[in-house]
Amino acid sequence: MNKASNLTDTHAHLDFFGSDQAVEKVISRALMNRVNRTITIADRLESSYRAVELAQKFDSVYAAVGIHPHDAKTVGPNTIKELKELAKSPKVVAIGEIGLDYYRDHSPRPVQQKVFAQLLGLANELELPVVVHDRDADKDVIRIIAEQGIKKGVFHCFSGNVSLAETVLSMNFYISIAGPITFKNSGNLVDVAKFVPLTKLLLETDSPYLTPHPYRGRKNEPAYVRFIAERIADIKGVDISVVEASTQENVSLLFSIPK
Ligand code: NI
């Protein structure tokens, strides 16, 4: 089998699967489906510790550390310092997920903005890419990224339109597509997938959420990233091996992970 015919799940929350044994099962199913790399993403300090621990335990797992905008209000004086220490661990490949969420507003907007800026600053200092969560906050997300001079990152679980995708590409960021591209009501996403060149696309499950068709209703897991790759190959009218090869290349370039 061709080595290029592997896939990476660039965004999974493996801490949600529980014990090491449970995660091991999820990871081995991913490997069986030729998902040879999974980046486990943190949303709080606790899950940042867990992400690093899982990356140390499992060869195919890499970690991102960060604070989700929902939890911005939990950030205390030592949080950034602790994240900085954690981020020095060799398998930490990004700061994330971080950003702004004006849909749920679980943390006050000024607090979300302040923490987002701080975490972007940390990424800059450590020369790590960022994994960005943007929900109904495009303008402020783009402004704060520009203010902090960030040039390396990805808009995860992209749900915007082509015009937002155009802006994101002009910032030299990647666009990551998740399970909703496989849904019947995928709306804008099909146009976005057509528009974004394969050199700028990443794939993710955002598991355990957003299970792709045909497994909607089940718990999502990294193995299912294959359905997203297949759908994108279909939309772009290319062979799946083309999607595999280019997304693997993109992962290596953005996160500095060997293929
Ligand atoms: Ni996520």
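Visitor: In β4, which residue is the bridge partner of A63?

Guide: The model discussed here is predicted. Strand β3 covers residues 61–65 and pairs with β4 in the parallel sense over three bridges. Within that pairing, the residue of β4 that partners A63 is V92.

Visitor: What is the order of the strands in the open sheet?

Guide: The open sheet has eight strands, and their pairing is parallel. Its edge strands, each pairing on one side only, are β1 and β8 (201–203). From one strand to the next the twist averages 30°. The order is β1-β2-β3-β4-β5-β6-β7-β8.

Visitor: At about what angle to β3 does helix α2 run?

Guide: Helix α2 comprises residues 45–57 and lies across β2 (35–40), β3 and β4. Relative to β3, the helix runs at about 160°.

Visitor: Which residues are the protein donors of the nickel ion?

Guide: Along the chain, the donors follow the spacing H-x1-H-x83-E-x108-D. They lie 2.1 to 2.4 Å from the nickel ion. The donor atoms are NE2 of both histidines, OE of the glutamate and OD of the aspartate, and the residues are H11, H13, E97 and D206.

Visitor: Is the site of the nickel ion regular or irregular?

Guide: The ion has four donor atoms, with angles of 88 to 178° among them. Four donors count as tetrahedral if all angles lie between 85 and 135 degrees, and the upper value here is 178°. The site is classed as irregular.

Visitor: How many residues apart in sequence are the parts that H11 and E97 tie together?

Guide: H11 belongs to strand β1 (residues 7–12), whereas E97 belongs to strand β4 (residues 92–101). H11 is buried, with a relative accessible area of 1%, and E97 also counts as buried, at 2% relative accessibility. Because the two donors sit in these two strands, the pair ties together parts whose separation in sequence is 86 residues.

Visitor: Within what arc do the buried residues of α5 fall?

Guide: In helix α5 (residues 138–147), the buried residues are D140, V141, I144 and I145. They line one face of the helix, because, seen down its axis, they fall within an arc of 130°.

Visitor: Which exposed residues does the face of α5 turned away from its buried side carry?

Guide: The buried residues of α5 have a cover that includes β4, α4 (109–126), β5 (130–135) and β6 (153–155). After the helix comes G149, with a positive phi near 65°. On the face turned away from the buried side, the exposed residues are K139, A146 and E147.

Definitions and conventions:
Residues numbered from 1 in each chain as written. Predicted model: local features only at pLDDT ≥ 70, side-chain atom pairs only at ≥ 80, totals over all residues. Heavy atoms only, no water. Donors = N, O, S within 2.8 Å, 3.2 Å for Na, K, Ca; no water. Tetrahedral: all angles 85-135°; square planar, octahedral: opposite > 155°, others 65-115°. Helix = DSSP H or I, 4+ residues; strand = E, 2+ residues; numbered from the N terminus. Buried < 20%, exposed > 50% of the residue type's maximum accessible area, 1.4 Å probe, protein only. Pairing = 2+ DSSP bridges. Axes fitted to C-alpha atoms, helices over the stretch in contact; angles between N-to-C directions. Contact = heavy atoms within 4.5 Å. Arc of directions from axis to C-beta.
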